[in-house]
Amino acid sequence: MKRLFISLYLLISLSILGIGWTLDNIWQNNVEDSGSMDAPLIALAQLLSKLPEQDRLDYLTQIGHNPRYPLELVDSNQIALANQHTLTNKNVVITTLDDHLELHFIKVDQQILIAGPIEIDPRAPLRKLFTLFFYLSLGLIALIWVWPLSRDLKTLRNATHEFGQAKWDTQIELSPRSQVLPLATTFNEMSKQISTLIENQKHLSNAVSHEIRTPLARLKFALALMPHYCKPDSDEQRRTEFIEEMQLDVKEMENLLQELLTYASLESQRKEAQFEHCDLTAITLQTIKRLSSSNTPPIKCNNNALPVYLLGDPSLIERAIQNLITNAQRFAQHEINIEIEQSQQHIYLCVANDGPGVPKKDQSKIFEPFYRSQSVQNGNKGHGLGLAIIKRIMDRHKGNVKLESCEDKTCFILSWPKPEILIPK
């Protein structure tokens, strides 16, 4: 990370230095050397060239004497310049006397107009100093910008290293002003999601091993007793009951595996969901008709069969309603009521039963997978996945599931966001 910091800092500093040096040279070559500084002397020489030679000195005397810019007119044979300097009436030749003084020459017919000695710009050393200060300031600004960035990148690198060491709860805390804060936020979300998935997998593995162990033990015990029930003189009715109990154990494990597959598929297919407009009322009535029987409390639906459209997966919505009705049938005493309502923003489906309420301590955990209340009633043989599946279905639909329970009534409420585009009736 130190190497990255140095390379990044040098790259920015040298880039600024190079760009500044290039622009400064372009300015000097195209602006300062363009002759604009010599224009007054050239104009004076052209003016003098139009005057008779004997009047030129008088004219110079009339325009005044500036001690910082003395002017003198001499014959050309009195001036000897180096070979590389050629005098004309359009260009000014500059020669230096020492580090502080210089002379300007320009030709006026057969005479030479001399300006000087002129003090060389006294601000030139200051200019170099200011230039140096300017670049140092830019370097300091680059350092102030690069150092926090390098520090935050180092924090990101350490976090990814810890995450690679199976520390799934690794989180990054950066300043709200950090330039890599969006990257850190994305990392935190990814870390949280992976941590949740791993914890769920661990929980599922433990729960599955626990749930399957009981029917497997019963089947193992039944297989040990199989020779006794298969004897020719054994009781046929008892043998039939014995085989039916084994079949129930097998069916229990099949149901558990099916529930697990459904629960897992709702996670793995999160990005592949294909929603469509579907009639919630039609799905509800169809599910009620399929689950109603003479051995369970009657199910009433109170929306008068009016269609209510929402955006979702019809099979998953039907599965959520089925799980709620099946759950209500386990606990209802006399009846089950289903209501479908709408507001401006949401669509609601409520499944209520008049059975005993859910204890307060269980209400916050009842949607967790494999969680079952300690107060098992009415022969509850669920695996603790039905409500967890409902929650995942509602999460996929960006909806919500809520529990309202009191002493003699329990109501589960599903809510979906109302679709923006209305379906014509």
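**View 1. Strands E3 and E4 pair in the antiparallel sense.** In this predicted model, strand E3 (residues 101-108) and E4 are joined over 7 bridges. To find your place in the ladder, look for Lys107, which stands opposite Ile112 in E4. These two strands belong to an open sheet of 4 strands, ordered E1-E4-E3-E2, with antiparallel pairing. Its edges are strand E1 (71-75) and strand E2 (93-96), each pairing on one side only. On average, neighbouring strands of this sheet are turned by 25° against each other, direction ignored.

**View 2. A cis peptide bond leads into Pro117.** While you are here, follow strand E4 (residues 111-119), where Pro117 has its place. The peptide bond from Gly116 to Pro117 is cis, and its omega is near 5°.

**View 3. Helices H2 and H3 pack on the four-stranded sheet.** H2 lies across E1, E3 and E4 and runs at about 35° to E3. H3 touches E1, E3 and E4 as well, and its direction makes about 165° with that of E1.

**View 4. Helix H2 meets helix H3 in a right-handed crossing.** The axes of helix H2 (residues 39-49) and helix H3 (residues 53-62) come within 10 Å and cross at roughly 135°, which means that H2 is oblique to H3. On the H2 side, the contact is made by Leu44, Leu47, Leu48 and Ser49; H3 answers with Arg56, Tyr59 and Leu60. Sorted by class, this contact has 5 nonpolar, 1 polar and 1 charged residues.

**View 5. Ala166 sits in a loop with a positive phi.** The loop in question is the one between helix H4 (124-164) and helix H5 (181-229). Ala166 is not a glycine, yet its phi is positive, at about 70°.

**View 6. Five strands form an open sheet with mixed pairing.** Reading across, you will meet them in the order E6-E8-E9-E11-E10. Strand E6 (299-301) and strand E10 (400-405) are the edge strands, each pairing on one side only. Neighbouring strands of this sheet are turned by 15° against each other on average, direction ignored. At the E6 edge, 3 bridges join E6 to strand E8 (residues 336-342), and the two run parallel. A handy landmark is Ile299, whose bridge partner in E8 is Ile336.

**View 7. Helices H7 and H10 lie against the five-stranded sheet.** H7 packs on the sheet and touches E6, E8, strand E9 (346-353) and strand E11 (410-417). The direction of H7 makes about 170° with that of E8. Helix H10 (residues 386-396) lies across E10 and E11, running at about 20° to E11.

**View 8. Helix H7 passes helix H8 in a right-handed crossing.** Helix H7 (residues 280-291) and helix H8 (residues 314-331) pack at an angle of about 45°, their axes 10 Å apart, so H7 is oblique to H8. Among the H7 residues that make the contact are Leu280, Ile283, Thr287 and Leu291; the H8 side includes Pro314, Ile317, Ile321 and Ile325. By class, the contact of H7 with H8 divides into 8 nonpolar, 6 polar and 2 charged residues.

**View 9. Model confidence varies along the protein chain.** The chain averages a pLDDT of 82, and 89% of the residues score at least 70. Among its elements, E11 has the highest mean pLDDT (94), whereas helix H1 (residues 2-30) has the lowest (75). A friendly reminder: where pLDDT is low, the predicted coordinates should not be read in detail.

Note on methods:
Residues are numbered from 1 along each chain as its sequence is written. This is a predicted model: local features need pLDDT of at least 70, side-chain atom pairs count only at pLDDT 80 or more; totals for chains, interfaces and linings use all residues. Side-chain values use heavy atoms; hydrogens and water are left out. Axes are lines fitted to C-alpha atoms, for helices over the stretch in contact, and angles run from 0 to 180 degrees between N-to-C directions. Angles under 35 degrees count as roughly parallel, over 145 as roughly antiparallel, 65 to 115 as roughly perpendicular and the rest as oblique. A crossing is left-handed if the near helix is turned anticlockwise from the far one by less than a right angle, and right-handed if clockwise. Contact means heavy atoms within 4.5 Å. Ala, Val, Leu, Ile, Met, Phe, Trp, Tyr, Cys and Pro count as nonpolar, Asp, Glu, Lys and Arg as charged, and the others, Gly among them, as polar. Two strands pair if DSSP finds at least two bridges between them. pLDDT is the predictor's confidence in each residue, from 0 to 100.
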